Amino acid sequence: MIAGIETGGTKVICAVAETGAPGTIVDRLRIPTTSPAETLGAVRSFLDGYASAGVLEAVGLAAFGPVNVDSSSPSYGWITSTPKAGWRNTDIPRALGLGDAMPLQVVTDVTGSAVGEQRSGAGAGLRNVAYVTVGTGVGAGFAADGVPFLQRSHPEMGHLPVRRYPGDDFPGTCPFHGDCLEGLASGPAVRARWGRPGEQLGALQREAVPLLGFYLAQLLAAVTYTVAPDRIILGGGVLKLPGLLQASREQLAEVVGGALEGHPLTRPDSGYICSPALADLAGVHGALYLAHDLAGNRAPLSAV
Ligand code: ZN
């Protein structure tokens, strides 16, 4: 058996599958993210049944960041400088009771989602896939041929500096930078700007959609310029705002202008920017595929 775990900012999903069938979940746990002790303790209890029976062969972990993804580091799998209360310097593998002998791959939640969507979702059949999430935080992850793009650290694209929407003087909510992309367009930024979450904006949507689309288009342009993926999958709670996906596509074409003539992004109906197919299971599916690969089913992964 293999296990995949996604520790998200608001919920944790843990799933188990047969080693040879990572796309078919046979057992699952879904709990809210509270304290590390309570949350990871519940995941540990769930996994213990499989681990103690000696049937667990490998584990994939897709964690909210910042998280140490350097497998050569003694603090591999630790949450690092998060502003999330109580989670700073949490050693997730240890809290889950995973011994050193257990094969483990750690990636960020967005990278896990990129792998999941590429292997069995909206990116299936494509070589290079980017996954962008806009929710509590803003982030991007990448998968090439089903394998995560790994470095000593992971991408932090949510903190990109951006051009201002005309007339926008909102100071931003990022604790590090104020008005970086995450500070201007994340879920907390939406609440701070308009005093309510995105799903309750009502008539304010007319103001919010073009403004948020303007900012997200700059992130999509940066992903395109630097990585040139075959497709960008755009998910996260903020994208539930009606019209925002399409506004982001249209503004992307404008932001890039004539710099990428003939690229699918110049046609907002091309499908180059699309919604996730696996909804909120993309990350845990990606984690299962990584565990499947670790269990000897594919060439081992290593940091670049
Ligand atoms: Zn920032």
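Me: Where is the place of Ala-228?
Reply: Look in the loop between α6 and β9. Those labels are DSSP runs numbered from the N terminus: helices are H or I over at least four residues, strands E over at least two. Bear in mind that this is a predicted model, where local features need pLDDT of at least 70, side-chain atom pairs count only at pLDDT 80 or more, and totals for chains, interfaces and linings use all residues. Residues are numbered from 1 along each chain as its sequence is written, while side-chain values use heavy atoms, with hydrogens and water left out.

Me: What is phi of Ala-228 near?
Reply: Most residues other than glycine have a negative phi, and most peptide bonds are trans. Ala-228 goes the other way, with a positive phi near 50°. Asn-89 also has a positive phi, near 60°, and sits in the loop between β4 and α2. That loop holds Pro-66 as well; the peptide bond from Gly-65 to Pro-66 is cis, with omega about -5°.

Me: OK, on to the metal. Which residues are the protein donors of the zinc ion?
Reply: A donor is an N, O or S atom within 2.8 Å of the metal (3.2 Å for Na, K and Ca); water isn't among the atoms, so sites may look incomplete. Here you get His-159 through ND1, Cys-174 through SG, His-177 through ND1 and Cys-180 through SG, lying 2.1 to 2.3 Å from the zinc ion. Along the sequence they're spaced H-x14-C-x2-H-x2-C. His-159 and Cys-180 are 21 residues apart, each in the loop between β8 (147-148) and α4.

Me: Why is the arrangement of the four donor atoms around the zinc ion tetrahedral?
Reply: Because the angles they subtend run from 101 to 121°. The test for tetrahedral is that all angles between four donors lie between 85 and 135 degrees; four are square planar and six octahedral if opposite donors are over 155 degrees apart and all others between 65 and 115, and anything else is irregular.

Me: Is Cys-180 buried or exposed?
Reply: Go by relative accessible area (1.4 Å probe, protein chains only): under 20% is buried, over 50% exposed, and in between partly exposed. Cys-180 comes out at 3%, so it's buried. His-159, at 21%, counts as partly exposed.

Me: Now sheets. In what order do the five strands of the open sheet come?
Reply: Strands of a sheet pair through backbone hydrogen bonds, either parallel or antiparallel. The working cut-off is at least two DSSP bridges between two strands. In this open sheet the order is β3-β2-β1-β4-β5, with mixed pairing. β3 (25-32) and β5 (104-108) have a single partner each, so they stand at the edges with one side lacking a neighbour in the sheet. From one strand to the next, the twist averages 10°. For a concrete pair, take β1 (2-7) and β2 (11-17), antiparallel over six bridges, with Ile-2 opposite Ala-17.

Me: Which strands does helix α3 touch?
Reply: Helix α3 (109-120) packs on the sheet and touches β1, β4 and β5, its direction making about 105° with that of β5. Contact means heavy atoms within 4.5 Å. Axes are lines fitted to C-alpha atoms, for helices over the stretch in contact, with angles from 0 to 180 degrees between N-to-C directions. Helix α8 (282-297) lies across β1, β2, β3, β4 and β5, at about 145° to β1, and twelve of its 16 residues are buried.

Me: How many bridges join β6 to β7?
Reply: Seven, with the strands running antiparallel. They make a hairpin with three residues between them, and Asn-128 faces Ala-144 of β7. β7 itself has six of its seven residues buried. The hairpin of β7 and β8 has two residues between the strands, and there Asp-145 takes a positive phi near 50°.

Me: Last one: which residues touch the most other members of the largest nonpolar core?
Reply: A nonpolar core is a set of buried Ala, Val, Leu, Ile, Met, Phe, Trp, Tyr and Cys residues joined through side-chain atoms within 4.5 Å. In the largest, of 42 residues, the answer is Val-132, Leu-212 and Leu-252. α6 gives the most residues to this core, with 13. Setting aside neighbours within four places in sequence, Leu-252 is in contact with Ala-217, Leu-220, Ala-221, Leu-265, Tyr-272 and Ile-273. There's also a second, separate core of 29 residues, including Met-1, Ala-3, Val-16 and Leu-98.
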